[in-house]
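Thank you for making time for this at the end of the meeting. I would like to walk through one model with you, strand by strand and helix by helix, and I will ask you to keep the picture in view while I talk.

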Amino acid sequence: MRRITMWLLSTVAALVLLFSYRTSTNSLQAATVASTPATGSAGSSGSSDAGSTDTSDAGSAGSSSSSDSSGSSGGKTYTGSVAQTRWGPVQVSITVSGGKVTEVTVPVYPTDNHRDQEINEYALPILRQEALAAQSADIDAVSGATVTSDGYKQSLQAALDAAHLS
């Protein structure tokens, strides 16, 4: 009888702990995204406009555009082609100053559902840091965001090619 009572109490305690475990780390992700304006809400509002105009460029990695940057760095901005992924389009823009990539932004990325938004809030700041550190498209994919990472690297390479950087 004593063993059955201990077993029952152990099982109940384990179930209570299991159901009260929280897996969400939204507060950590929100702080990361807030510190990197390149992947904030501007990407989600421009997603549908840029995706519809640049979809024809998705097949050619070399098609990209460039324009003068109005920022304080005085660099030049190059926009990579739109990479069509299974979850939606991804496009990367870089700012080059003095032959170095000084800024990376992502004006177009998948935002169709809450899961896309959650993944990209986590992955895009990491990909941005990696690209700035590597100064190339030879960066590691983010675990859990492999498809977006592949599209990011493809568009980043197109922007680097347009800037004549490798």
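Let me begin at the hairpin in which β3 is joined to β4 through 2 residues, and I should say at once that what you are looking at is a predicted model. Strand β3, residues 83-85, runs antiparallel to β4, with 3 bridges joining them, and if you look for a particular pair, Ala83 has Val90 as its bridge partner in β4.

Strand β4 itself covers residues 88-97, and β3 is joined to it in company with other strands, which I will take in turn. Strand β2, residues 76-79, is also antiparallel to β4, and here 4 bridges join them, with Lys76 finding its bridge partner in Val96. Strand β5 pairs with β4 in the antiparallel sense as well, over 6 bridges, and in that pairing Ile94 stands opposite Val104. The hairpin of β4 and β5 has 2 residues between the strands, and Gly98 takes a positive phi there, near 65 degrees.

How many of the 10 residues of β4 are buried? The count is 9, so that the strand is mostly covered, as the 20% limit on relative accessible area defines it.

From β5, which spans residues 100-108, I would pick out Val108. Its relative accessibility is 0%, and Val108 therefore counts as buried. In space its C-alpha lies 7.9 Å from the C-alpha of Val82, although the two are 26 residues apart in sequence.

Now to a residue that brings a helix into contact with this part of the chain, namely Ser155, which is found in helix α6, residues 146-162. Is Ser155 buried or exposed? With a relative accessible area of 0%, it is buried. Leaving aside residues up to four places away in sequence, Ser155 touches Gly80, Ser81, Val90, Gln91 and Val92. Its side chain also reaches the backbone nitrogen of Val92, at 2.8 Å, and you may remember Val90 as the bridge partner of Ala83.

The next helix I would like to discuss is α5, residues 114-134, whose 21 residues reach 30 Å from the first C-alpha to the last, close to the 30 Å expected at 1.5 Å a residue. Even with that agreement in length, α5 bends by about 30 degrees at Asn120. At its N-terminal end the helix is capped by Asn113, a side-chain oxygen of which lies 3.0 Å from the backbone nitrogen of Arg115. The buried residues of α5 include Asp116, Ile119, Asn120, Ala123, Leu124, Leu127 and Ala131. In reading such a list it helps to recall that an α-helix has 3.6 residues a turn, so residues three or four places apart point the same way.

What follows α5? It is Gln135, which has a positive phi of about 55 degrees although it is not a glycine, and which sits in the loop between α5 and α6. Gln135 is partly exposed, its relative accessible area being 24%. His164, in the segment after α6, likewise is not a glycine and has a positive phi, in this case of about 60 degrees. His164 is exposed, with a relative accessible area of 73%.

Let me turn to the beginning of the chain and helix α1, residues 2-20, where the 19 residues should span 27 Å and the end C-alpha atoms are indeed 27 Å apart. Helix α1 is hardly covered, since the count of buried residues among its 19 residues is 0, with buried meaning under 20% relative accessible area.

To finish, I will step back to the chain as a whole. It has 6 helices and 5 strands, and from the N terminus on the elements run α-α-α-α-β-β-β-β-β-α-α. Of its 166 residues, 37% count as buried, and about 9,800 Å² is exposed, with carbon and sulfur atoms supplying 54% of that area. Among the contacts with a separation of 6 or more, residues 24 or more positions apart account for 50%.

How values were computed. Residues numbered from 1 in each chain as written. Predicted model: local features only at pLDDT ≥ 70, side-chain atom pairs only at ≥ 80, totals over all residues. Heavy atoms only, no water. Buried < 20%, exposed > 50% of the residue type's maximum accessible area, 1.4 Å probe, protein only. Polar contact = N/O pair within 3.5 Å; in protein donor to acceptor, adjacent residues only side chain to side chain. Contact = heavy atoms within 4.5 Å. Areas by Shrake-Rupley, 256 points an atom, 1.4 Å probe, with all protein chains shown as cover. Expected span 1.5 Å × (residues − 1). Bend = angle between axes of the 7 residues up to and from the residue. Pairing = 2+ DSSP bridges.
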